[in-house]
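User: Hi! Could you walk me through this structure in a few questions and answers?

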Amino acid sequence: MAEKPKLSIYWASSCGGCEIAVVNLHEKILEVDRSFDLVFCPCLLDTKKSDVEALPEGSLALTLFNGAIRTAENEEMAHLLRRKSRLLVAFGSCAAEGCIPALSNLHSKEDHFRRVYREGPSTVNPAGVVPAPLTRVPEGELRLPALFKRVKRLEDAVEVDYTIPGCPPESHQIWNVVSAVISGAPLPPQGSVLGAGHSTVCEECRRQKDNKKITRLRRSYELIPEGNSCLLEQGLLCMGVATRDGCGALCPQVNMPCTGCYGPPEGARDQGAQMAAALASVLDLGGYRGLSEEETARRADAVLEAIPDYAGAFYKYSLAGSVLRGGRP
Ligand code: SF4
Ligand code: SF4
């Protein structure tokens, strides 16, 4: 029997949701198994890094790499899997844009260590011990991968062939990409985004848009959306206008605003800036004429009060890939 092409699925700094999205292929997972030999997947298999190191260069047909690059180990694995893979895909929002882990770029490593290992409400650490790459103990040396100062995208570490966005990517979109690889059909040019569209979530959202102005924003728990009208026009911060399509506008269909997990749409460099611009165009501050600069700012602040955390709202998924990037390299 001919040898099957080899597949690997790796997680770096991630939550495991991308692996669950693969399992959510349901019975199609059997087709994946028929078509590929899954040789490396720390979440599911017991093969080790040394097994990957022993493979000839370029022998993995496809690697789906999820998770951001946060530690020296993440980066080492990115280089190893790049060398061994013919197709390396940034799989999911963490690998593509940094996602939630990259929000930590707004604070220093020292701040994180202090908060997590010394000041946490359930932490008891009178000696103030924090993790270190090397610790000497009577029994020998303990080593941990070094934590980087800032979280990076996969493409900041190695060359990436394709990106599949989403937190996590929608399973039907994963299948679209995997089945295209299985069929041997020509893939789009290197560097393309796969398993998503080229427009915005608003374009695929079936809610009614009336171009209404909004006088106040409200948080999701404050409002049960009415009927089928646009959530942004009802005052909920829906990121659909600044988010790539491809999920089928899942969240707005169930009365939840889009939080932006498919990242910026085609051609948009900065998802947060795009959303801020869109928001400015629908906010009604009660007229600008005759208002002092201070009064305009006061009214804008009053409307924006419903956003308790600007970075978490506008850059929840895309900070590492944004113009701000969040912290210095
Ligand atoms: S802002 Fe949200 S609810 Fe409104 S059309 Fe866009 S995706 Fe749909
Ligand atoms: S609607 Fe927005 S947050 Fe929800 S799955 Fe789609 S892109 Fe992600």
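Here is a short set of questions with worked answers.

Analyst: Happy to help: this is a predicted model, in which local features need pLDDT of at least 70, side-chain atom pairs count only at pLDDT 80 or more, and totals for chains, interfaces and linings use all residues. Residues are numbered from 1 along each chain as its sequence is written, while chains are lettered from A and ligands numbered from 1 in the order in which they are written.

User: In what order do the 5 strands of the open sheet lie?

Analyst: Strands here are DSSP runs (E, at least two residues), numbered from the N terminus, and two of them pair if DSSP finds at least two bridges between them. Strand 1 (residues 6-11) and strand 2 run parallel, joined by 3 bridges, with L7 opposite L38 in strand 2. The pairing in the sheet is parallel, and the order is 2-1-3-5-9.

User: Which strands are the edge strands?

Analyst: An edge strand of this sheet pairs on one side only. That description fits strand 2 (37-40) and strand 9 (162-164).

User: How far apart do the C-alpha centres of domain 1 and domain 2 lie?

Analyst: The domain bounds, from an automatic or database assignment, are 6-100 + 149-183 for domain 1 and 201-321 for domain 2. Their C-alpha centres are separated by 32 Å.

User: Which residues come nearest to ligand 1?

Analyst: A residue counts as near if its C-beta atom, placed from the backbone, lies within 6 Å of the molecule. There are 14 residues around ligand 1, and those that come nearest are C202, C205, C230, C238 and G240.

Methods:
Helix = DSSP H or I, 4+ residues; strand = E, 2+ residues; numbered from the N terminus.
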